[in-house]
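Colleague: I'd like to learn how to read strands, cores and ring pairs in a model. Could you walk me through one?
Modeller: Happy to. Let's open it and take the features in turn.

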Amino acid sequence: MLLILIILGSALTFSSCQSKNDEMSAYLFTYFSGNGPGAEAIRYAVSTDGYNYYALNGNEPIIDSKAISTSGGVRDPHILRGADGKTFYMVVTDLYVPEMGWNNYAMVLMKSTDLINWETSVVNIPETYPDEFGKVDRVWAPQTIYDESNGKYMVYFSMRSGDRTPDIIYYAYANKDFTALEAAPKQLYFPPEDSNTKACIDGDIIPFNGKFYLFHKAEDGDPGIKLAVSDKLTEGYELVSDKRVDRERNRVEGSGVFKLNNSDEYILMYDVYTNGRYQFTKSSDLEHFEVIDEDVTMNFHPRHGTVMPITQNELKRLITKWGTVAGLVEAQAPGLKKLNVNLNEDAKTIYLPVKSGTDLSAFDPQFRTFPGITYSPARAQDFSNGPIDYTFTIEGKGDVVYRVTVSQDNNPVIEGYYADPDILYSEKTGKYYIYPTSDGFDGWGGYYFKTFSSENLVDWTDEGVILDLHKDVDWANRNAWAPCIIEKKIDGQNKYFYYFTAAQKIGVAVADDPTGPFVDSGKALIDFKPKGINRGQEIDPDVFTDPKTGKSYLYWGNGYMAGAELNDDMISLNMKTLKTFNVDGTYREGTYVIYRNGTYYFMWSEDDTRSPNYKVRYATSKTPIGKLTIPENNIVIQRDPKTNIFATGHNSAIQVPGKDEWYLVYHRFTYPKGVDMPRGRGGFHREVCIDKLQFDDQGNILEVKPTLKGIQPLEVTN
C-alpha cells in the first residue's frame, strides 16, 4: 500500500460562519484531457451556472500524475463532497495508455479539506487480493458515494479478469482514513442474463426519490448509457429499460450526474469519445433527458469527468490558486460578436469585434469576472484611436495588464454557426438574401433551413426557419445541407425555387416570396448517380439561369461535378442534357456558377470542409454545360495564416444589380477557435463571411483575401 502526501499550495483560511459565501453557488468540473503524454492527469474547470465552464491553471494539471500513481497517468476523476460538508474525496483510474494500452491494475484514492492539497493512496487490486482477483487486468473508472446506513464511503468501479470475461461493476468500502479498501470487492450490479456476456463499466450512482439510480455504460444491445434502479445502495439494481438514456447516436461513456444549485433539475453529461466531445442533457425525473448542448460552453476539451457543486468561498480559493484572466474573464457588452472574441494569454491581448454601427468612442466591454477578480478602468473608453490597457487583479496573485482592442468587424455577417451560403438578390423585394446550412450540429446533423435578409450586405435580419425536414418533408428527415435558390418568373409571377440537400439526396421546394413559406415537391429530385459515376454523394446543388437564353441549370456532386438543364417547371430535369464535367483532382464539392462579360465561371471547393486547407478554385467555359478550361493559377480564396482565418470554402457570389461589382460569400472555421477544435469539429462550427470579388483586365479572378473587417455597407437607394 502506497501512501503519499502531496502539498500543492498553502491552504487559505475562511470564516466558518454561515453566509452566502458558504452556500452552493458554483461548480467544479474535474476531468482529464486525452490519451497522450501529459493528458492523463487531473484538471479543474469552474462554472457559476452549471452551463458555462472555464479551465483553471491554463488547462494544465493541478497535480502531478507521476507523483500519485504507479503508471504515470490517471484518468476518469470522480469528486465527492463528504458527509461533513468540508472534506473532499476523489478517486481516479491509475493508467497510462501510451505504455499500458487498456490494461491496468490499480486506482488512486484521494482526500482533501481544501480542494488544493491532496493525500493520496494507490490500491492495486491483484496485489492486494491475489486469491480473489489475482487475474484482474482492468480496474476502471472508480467512484465514491457515502453510505448513510453505516457511515462509510463506498468505492465502486469496474474490473475484468482476463480477456475472455466481461467487465463487471464491483464495490467495496474504504477504510476510515480513505487510504485502502476494508475487504475484497463484491459485485454490485448483475445485468440481465441475456446481456451478461457484454462489458458493463463507468457506474455513476445518485440518490433520487428514496432510491438509488445507477447510470452505467452497457455494451449489450445498443451500447450506451443505461439506467438501473434499486431500493438499496449495494444490491438489487434492476435495469429500467434496454434502451439508452443518453441522446446520442455515437458511442459514449463516462456518465456523470449532478443536481443544479437551487433547482429541481439534474444534468446528465457523458463523454462522446468517438468524436472528441461532451454532451450535456437535462432532466427532472432522471429518466427522460433533453439535449442542452447549445446552452453549454467550455474553453477546453474534457474527457470522462465529474461535476460537483461548490461554495463561493471554495470558488475564490480555487481562483486564487489557479485562476487566469484568459479563463475567467468574459466581455458582455451589447453589440459584441462574442463567438469571435480573441483573448491571447501569451501576448496579453484581448480582441473584441463589434457589430456595424457600434460607437467606438465610448465603448465599455463590460467584463464579467469570476469572484476574486477585479479590473480597471471600469467604465466606457475611447477605442476609436486604438487599444486601451486594462489591469486585471486576481486576489492573492497580483496585477496583469492586457491590451484591449475593439474593432468593427463585418465578418462574419451572420451571428452563429452557419455554412454553405447561397446568396440571392430578389427583384421582387429589392433585398439580398442568404440561404445557409444551419451549422453547429455535430456530424452535420442539422435538420432545418433558415434565411437572412439585408439591404446593404452588412446588416442582416434573421427571417426564421423556411423549411424543416421534420415537419415539411416526407422523404428525408436528416442532414439538411447546402441549399441554393433562384427567382424565376412563371406566368408573370415571381416564384422562388429552393434546392436543398437532405439525407444525401437533393430536393426542391417552391414559394411565392423569398422568405417562404416553402412547399416541398414531395419527392427527391436527385437520388441517383450519373452514368459512369461510382463515388461521392448527391449533394450541394447550385442553380443558375443563363442571362443569354433564360434557361436554368442545376449542378451538383461530391467527388464529381454533374449538371443538367431544368425543365420549364423548374422541379424536374431534362435528362437528355445531363452530363459530368472534366474537373481536375482538386474538385471536392460545392459547385457555383456565375456569368460575366461572355464567360461562364465555375467555382468549386477543394479538400474537406473539416480541413484548414479547404479552399475555392475555378474554371471557365463558353456555355453553361460546356467544356471547362482550368487556369494555371485558379485559386479564388484560401486560408490566411497571418490572420488565422482557415477553411474558406463552399462559396456563392453576388453581382450588385446594374454594376460590375461583385462579392464572394463563403464560410470559414469559427474564428478564432475553430482551427483548434479536436477531430475536425471546426468543420461543423462554421461562419458566413463576405469579401470583395475582383477580376483583372483579362477576366481572370483575382485571389480573394479573407478578412475580419469584411466589406462596407452598400448604399441603399429608394
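Colleague: Let me start small: which residue in S20 does Lys282 stand opposite?

Modeller: Lys282 stands opposite Glu290 in S20. Keep in mind that this is a predicted model. The strand carrying that partner is joined by two bridges to strand S19 (residues 277-283), and the two run antiparallel.

Colleague: What is the order of strands in the open sheet that includes S20?

Modeller: The order is S17-S18-S19-S20, with antiparallel pairing. To find the edges, look for strands that pair on one side only: here they are strand S17 (253-259) and strand S20 (290-291).

Colleague: Which strands make up the open sheet that contains S47?

Modeller: S46, S47 and S48, in that order and again antiparallel. Its edge strands are strand S46 (649-655) and strand S48 (686-693). From one strand to the next, the twist averages 25 degrees. Five bridges connect S46 to strand S47 (residues 662-669), and Ser652 stands opposite Val665 in S47.

Colleague: How should I read the two faces of a strand, and which residues are on the covered face of S28?

Modeller: The general idea is that side chains in a regular strand alternate between the two faces of the sheet. In strand S28 (residues 388-394), Ile388, Tyr390, Phe392 and Ile394 form the covered face, while Asp389, Thr391 and Thr393 form the uncovered one. Residues of that uncovered face also help you follow the pairing: Thr391 is the bridge partner of Ser376, and Thr393 has Asp399 in S29 as its partner.

Colleague: How many bridges join S28 to S29?

Modeller: Seven, and the strands run antiparallel, with S29 covering residues 398-408. Four bridges join S28 to strand S27 (residues 373-376), also antiparallel. In the hairpin of S28 and S29, three residues lie between the strands, and Gly396 takes a positive phi near 85 degrees.

Colleague: On to cores. Which members of the largest nonpolar core touch the most other members?

Modeller: In soluble globular proteins, nonpolar side chains tend to be buried together. Here the largest core has 52 residues, and Ile42, Tyr44, Leu115, Leu318, Leu352 and Phe367 touch the most other members. Leaving aside neighbours within four places in sequence, Tyr44 has contacts that include Phe29, Leu115, Trp118, Leu318 and Trp322. There is also a second, separate core of 21 residues, with Leu424, Tyr435, Ala480 and Tyr496 among them.

Colleague: How many aromatic pairs does a search of the whole structure find?

Modeller: It finds 52. Read each pair by its centre distance and plane angle: Phe29 and Tyr53 are edge-to-face, at 5.5 Å centre to centre with 75 degrees between the planes. Phe29 lies in strand S2 (residues 24-32) and Tyr53 in strand S4 (residues 52-55), so this pair ties together parts 24 residues apart in sequence. Phe29 is buried, with a relative accessible area of 0%, and Tyr53 is buried at 1%.

Colleague: What parts does the pair of Phe215 and Phe289 tie together?

Modeller: That pair is edge-to-face too, at 6.1 Å and 75 degrees. Phe215 sits in strand S14 (residues 211-218) and Phe289 in the loop between S19 and S20, so the parts tied together are 74 residues apart in sequence. Both residues, Phe215 and Phe289, are buried.

Colleague: Which residues do ring pairs link into a cluster?

Modeller: Phe363, Phe367, Tyr375, Phe383, Tyr390, Phe392 and Tyr402. You have already met Tyr390 and Phe392 on the covered face of S28.

Key:
Residues are numbered from 1 along each chain as its sequence is written. This is a predicted model: local features need pLDDT of at least 70, side-chain atom pairs count only at pLDDT 80 or more; totals for chains, interfaces and linings use all residues. Side-chain values use heavy atoms; hydrogens and water are left out. Buried means under 20% relative accessible area, exposed over 50%, partly exposed in between (1.4 Å probe, protein chains only). Two strands pair if DSSP finds at least two bridges between them. A nonpolar core is a set of buried Ala, Val, Leu, Ile, Met, Phe, Trp, Tyr and Cys residues joined through side-chain atoms within 4.5 Å. Contact means heavy atoms within 4.5 Å. Axes are lines fitted to C-alpha atoms, for helices over the stretch in contact, and angles run from 0 to 180 degrees between N-to-C directions. Rings of Phe, Tyr and Trp (its six-membered ring) pair if their centres lie within 6.5 Å; planes under 30 degrees apart count as stacked, over 60 as edge-to-face and the rest as tilted.
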